[in-house]
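User: Please take a close look at the interface between the two chains and describe how it is put together.

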Protein chains: 2
Amino acid sequence: REVYKEASPSEFFYRNRQLAGFSNPSRALYTAIRELFENSLDACELHRIKPNILISLRHIESTSSNTAIYKLYIQDNGSGIPKEYVLDALGKIFFSSKYILRQSRGTFGLGGTMAILYAQATSGKPVKVVTSTGGKYIVSYVFQIDIDRNRPHVISQKTIRNNLKWRGTILELYLEGNYPHASRYIVSYFKHTAAITPYADITFIDPDGNLFYFPRTVGIMPEPPKETLPHPHGIDLETLKRMIKRSPKSMTISEFLMKNFHRVGKMIAKKFLRYAKIKGNLRLGEMDNTLIEKLYRAMKTFDGFISPSSDVLSPIGERIFKEGILKEFNPEYIDVVTRPPSSYEGHPFIIEAALVYGGSIPGSPGEIVLYRYANKIPLLFDEGSDVAAKVLNNINMNNYKRPMDKPTALFIHIASTKIPFKTVGKEAIADIPEIEKEIELAIRYLLRRFTTYTRKIERKIHAERR
Amino acid sequence: REVYKEASPSEFFYRNRQLAGFSNPSRALYTAIRELFENSLDACELHRIKPNILISLRHIESTSSNTAIYKLYIQDNGSGIPKEYVLDALGKIFFSSKYILRQSRGTFGLGGTMAILYAQATSGKPVKVVTSTGGKYIVSYVFQIDIDRNRPHVISQKTIRNNLKWRGTILELYLEGNYPHASRYIVSYFKHTAAITPYADITFIDPDGNLFYFPRTVGIMPEPPKETLPHPHGIDLETLKRMIKRSPKSMTISEFLMKNFHRVGKMIAKKFLRYAKIKGNLRLGEMDNTLIEKLYRAMKTFDGFISPSSDVLSPIGERIFKEGILKEFNPEYIDVVTRPPSSYEGHPFIIEAALVYGGSIPGSPGEIVLYRYANKIPLLFDEGSDVAAKVLNNINMNNYKRPMDKPTALFIHIASTKIPFKTVGKEAIADIPEIEKEIELAIRYLLRRFTTYTRKIERKIHAERR
Ligand SMILES: Nc1ncnc2c1ncn2[C@@H]1O[C@H](COP(=O)(O)OP(=O)(O)OP(=O)(O)O)[C@@H](O)[C@H]1O
Ligand SMILES: Nc1ncnc2c1ncn2[C@@H]1O[C@H](COP(=O)(O)OP(=O)(O)OP(=O)(O)O)[C@@H](O)[C@H]1O
Ligand SMILES: [Mg+2]
Ligand SMILES: [Mg+2]
């Protein structure tokens, strides 16, 4: 009497789009813009391209007292998408170039596709994508998503000679939104991006014709992140079995470990196999499940593995962090700290933090404002369930001194090969103990130094009064 | 140079299992138990069966200083799963009997499957399921999930004659967990379930052999929820197009509206079509996209539709709510309220709330403890991002009086055809304005009555002193 059905990934996220940040017309407009913008930034940064990104939002027609159809246009000078992958990349949920172990804004393989799906669902209009990887041709597709089957459905396509050797991606879509309600979040999102990405040239034109221009003020870019191998502490039994299954049967266990794991060289492999009581020259083809489980248990308890290297990460960098914040907020005081690299569950991560006072930091006098970032994405929502907010709440501010005439802002950034987001909508980070610890140390360090500064200022004022 | 890949739904949730509540061995153990238990409760309640559920967790072997492999066994007397659907229901992500418009605990089509996937990933052992719908046979499968392809892989199967006409489902799986850390959440989860489900007989045996027995103390069950049709305000343009596409071309638009929408009868359809300026006898086959969009825009702005009926919902019921709380917490004071039905985005919902003081409510003196429920599921995590916590935080408690010698508890339950969960892990509810309003009205009502009670008690104490 129960009716059993299967849902495609697009069907699932179409019906449950609030899970991906498309919960209402205001939030959906914000999420669509940020997902496409983050795709553009990745397409530039991962390929050492200084980003030039234009976003324009135009009012098309009102649909209710507070909603309207908008045309969203976004253009970047990024890597472009190869012709054979464009339609799947944007028209298929769970299709991505970020399913590798590398730091990037994208991670789930559905953000851009969700923006297109939401647009289609609310406007009935197909999306247009124009892209080129800088080669002989520019491809242009007008398509829709076949939601039942999670695949793109082409309506029209064009191939144009790329005479000017253009490289990049343009997207044009129509979606229902509520810009009056969403505008402050959208503008704040761009401002907070510019604060840590001063090497990007960002232009946003809103439906009222207002131009928000964040020019490039720094000529250097951080080194892009690198793809890395999994760490022994970052895998579980299932993954280990699959890695073994995919490797040649003739390969020895020692070779397998050195080839497939991060920072496992000859010495470490030898030490580990002695600990695990497994012969190094044993062939993978001779290993049964019991032996694989024995290997796995040993991997989890062996403490001789080198912790994951942070060389693969791409932090903001203290100079860029400072310059960006100075440009956007013009503060009286700024202090930046980079915590030593750490790791959780085999994933390397770095915490960078800044304490900023005065200037155009918004807030009430004496208030502490928290600005959160993860893999260079500003997180504007769900502060209540974020690890950084939890850490800040647990700090007794009476142990530190700060001026009470203006607000003080704390910027917290985490860079990692995997950000433990709590939701597909990427707004809050889970309270992993190692991450919590590093954020707390960073905040306390900045507060101590700010206390020293505040006391100096107060003594100076005191001295001047006498 | 980017490497493009597709992920199956099981691959995606395997790699991002923290999104579904499997973030660490303690939380994963909690989530696995609750997902399977909620499947059992649905299988009983949706079919008017008084639930008898046994859950046993046995320690198998330690894997680290704070983790171990446990054997999880769960048995229910529910509807059972038909032979042809068992493997897909439990071995395939996005396969469900709850993809219909009806109130139930299950909604996403992945909870039970995730528990099995996590178990397989951490123990290497397959899952065993034994089930019967009460017919001639009992089927038993031992299977694993092919994560790459999101489908079950049978290892062995048996069919047994059902001589005793047994009906129900048994699951047996091995998974890594951290029971010492998870135990208080697991026991609290069962206790809070029992508090609103006193017609269920629940037995939990923990790894130390402790028996937690929550006997049935109420013989009546609430009426099960009913499947319903979508409401005009609950659909978007894409859904409308698909509904039209699936209907016969010869059907008139008037018939289509009456057949496919909740509470749209002849009169309402006529009024609406006049408002939309569309002829009632127009055939679906004659409608082009422009006309469908015109119809859609009219549906969104027409204010003459009857709001969704709450008859399809199955609230806890004030008597059951009271009896359950009295049994579990033995309070000195209990007050229960049911708000009038409301709706959001076309989905009917009902808020039920209780204020409870004294007895065994845990907490510090004067503290206000919040217990949240959604479709009869206790929500123990992510309070910081839940709408009920937001409402409670915004209430100025100085406007109300309560005794300060013991804690006071507020129980909030929302029943709906769709709960706006923020995450796949079902721990927090989004702050939809209509829901926020009803929760606030319920809480304030209870606090006002509790203020009257508190004043009465204080006057009595005062009088006795003189
Ligand atoms: N502007 C762009 N330039 C180049 N490639 C792009 C662009 N936009 C999308 N892509 C490609 O399309 C893929 C899918 O994008 P989508 O946003 O759907 O998922 P994702 O970015 O991989 O992950 P996430 O869901 O976390 O955003 C990307 O991985 C990328 O390879
Ligand atoms: N104990 C059970 N008795 C009867 N049917 C069950 C049982 N457990 C699971 N099922 C069936 O298997 C299906 C899939 O279960 P699963 O937990 O994976 O998803 P769901 O319950 O539909 O949704 P959710 O992800 O929200 O839990 C259910 O919809 C139900 O039809
Ligand atoms: Mg993306
Ligand atoms: Mg379920």
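Analyst: Strand S1 of chain A, residues 5-6, pairs with S4(B) in the antiparallel sense, over 2 bridges. Within S4(B), B:Phe95 is the bridge partner of A:Glu6. The model is a predicted one.

Around this strand pairing lies the rest of the interface. On the chain B side, 65 residues are in contact with chain A, where 64 residues take part. The size of an interface is often expressed as the accessible area lost when the parts come together. For chain B and chain A the area buried between them is about 5800 Å², and 48% of it is on carbon and sulfur atoms.

Next, the polar and charged pairs. Between chain B and chain A, 41 residue pairs are in polar contact, counting pairs with both residues at pLDDT 80 or more. The rule also finds 14 salt bridges across the interface. One salt bridge joins the side chains of A:Asp236 and B:Arg17, at 2.5 Å from N to O.

Several elements of chain B supply at least two residues each to the side that touches chain A: strands S1 (5-6) and S4 (95-96), along with helices H1 (9-15), H4 (111-123), H6 (237-246) and H9 (289-301). H6(B) gives the most to that side, with 6 residues. By residue class, the side of chain B that touches chain A divides into 24 nonpolar, 23 charged and 18 polar residues.

To return to the starting point, S4(B) thus appears twice in this account: as the antiparallel partner of strand S1 of chain A, and among the elements of chain B that supply at least two residues to the side touching chain A.

Technical notes. Residues numbered from 1 in each chain as written. Chains lettered and ligands numbered in written order. Predicted model: local features only at pLDDT ≥ 70, side-chain atom pairs only at ≥ 80, totals over all residues. Heavy atoms only, no water. Contact = heavy atoms within 4.5 Å. Buried area = accessible area lost by both parts, 1.4 Å probe. Salt bridge = Lys/Arg side-chain N within 4 Å of Asp/Glu carboxyl O. Polar contact = N/O pair within 3.5 Å; in protein donor to acceptor, adjacent residues only side chain to side chain. Helix = DSSP H or I, 4+ residues; strand = E, 2+ residues; numbered from the N terminus. Nonpolar A, V, L, I, M, F, W, Y, C, P; charged D, E, K, R; others polar. Pairing = 2+ DSSP bridges.
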